[in-house]
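Dear colleague,

I am passing on a structure that I have been going through, and I would be glad if you opened it alongside this message. Please look at it first, and then read my notes below.

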Amino acid sequence: MITTSSPALRSRFGALRLIPVGPELWRVVDDAGRILGHLQRAAEGADVRYRALRYHRGHARLLPIGDFWSADDAVECLRRGG
C-alpha cells in the first residue's frame, strides 16, 4: 500500500517539517530550512518501520542511517546527527 500522508510527529520536534518527495518518502527540514535527511516508510508484512536516510555526496545517493519502529525515533536520529 502506498501512503502519501506524512506520519504525525510528536510536538517535541517543534518546527521540523516533513515534505513529501515521493511515495512513502519525506524530506526532514528544520525551521531554518536546513535539510536534516529523509524519512522513508517501509512495510514489513503487517508491521511498519521507518528508515532514516542521509544524502552522501561521495556515493551521490541516500544512504540508510537506521531502521526504527516509529517515525519519531527515526527523525530524532536525524535531528541529533545520526
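What follows is a description of the fold, beginning with the chain as a whole and ending with its helix.

Please keep in mind that this is a predicted model. The chain contains 1 helix and 5 strands, and if you follow the elements from the N terminus, they come in the order β-β-β-β-β-α.

The strands form an open sheet in which the order is S1-S2-S3-S4-S5 and the pairing is antiparallel. Strand S1 (17-22) and strand S5 (61-68) stand at the edges of this sheet, and because each has a single partner strand, one side of each is left without a neighbour there. On average, and with direction ignored, neighbouring strands of the sheet are turned by 35 degrees against each other.

One pair may help you to find your way: strand S4, which covers residues 47-56, runs antiparallel to S5 and is joined to it by 7 bridges. Within this pair, you can look for Leu-53, which stands opposite Pro-64 in S5.

Helix H1, made of residues 71-79, lies across S1, strand S2 (25-29), strand S3 (35-44), S4 and S5, and runs at about 150 degrees to S3.

As for the chain overall, 38% of its 82 residues count as buried, while the area that the chain exposes is about 5,200 Å², with carbon and sulfur atoms supplying 50% of that area. Among contacts between residues at least 6 apart in sequence, 26% join residues at least 24 apart.

With best wishes

Notes. Residues numbered from 1 in each chain as written. Predicted model: local features only at pLDDT ≥ 70, side-chain atom pairs only at ≥ 80, totals over all residues. Heavy atoms only, no water. Pairing = 2+ DSSP bridges. Helix = DSSP H or I, 4+ residues; strand = E, 2+ residues; numbered from the N terminus. Axes fitted to C-alpha atoms, helices over the stretch in contact; angles between N-to-C directions. Contact = heavy atoms within 4.5 Å. Buried < 20%, exposed > 50% of the residue type's maximum accessible area, 1.4 Å probe, protein only. Areas by Shrake-Rupley, 256 points an atom, 1.4 Å probe, with all protein chains shown as cover.
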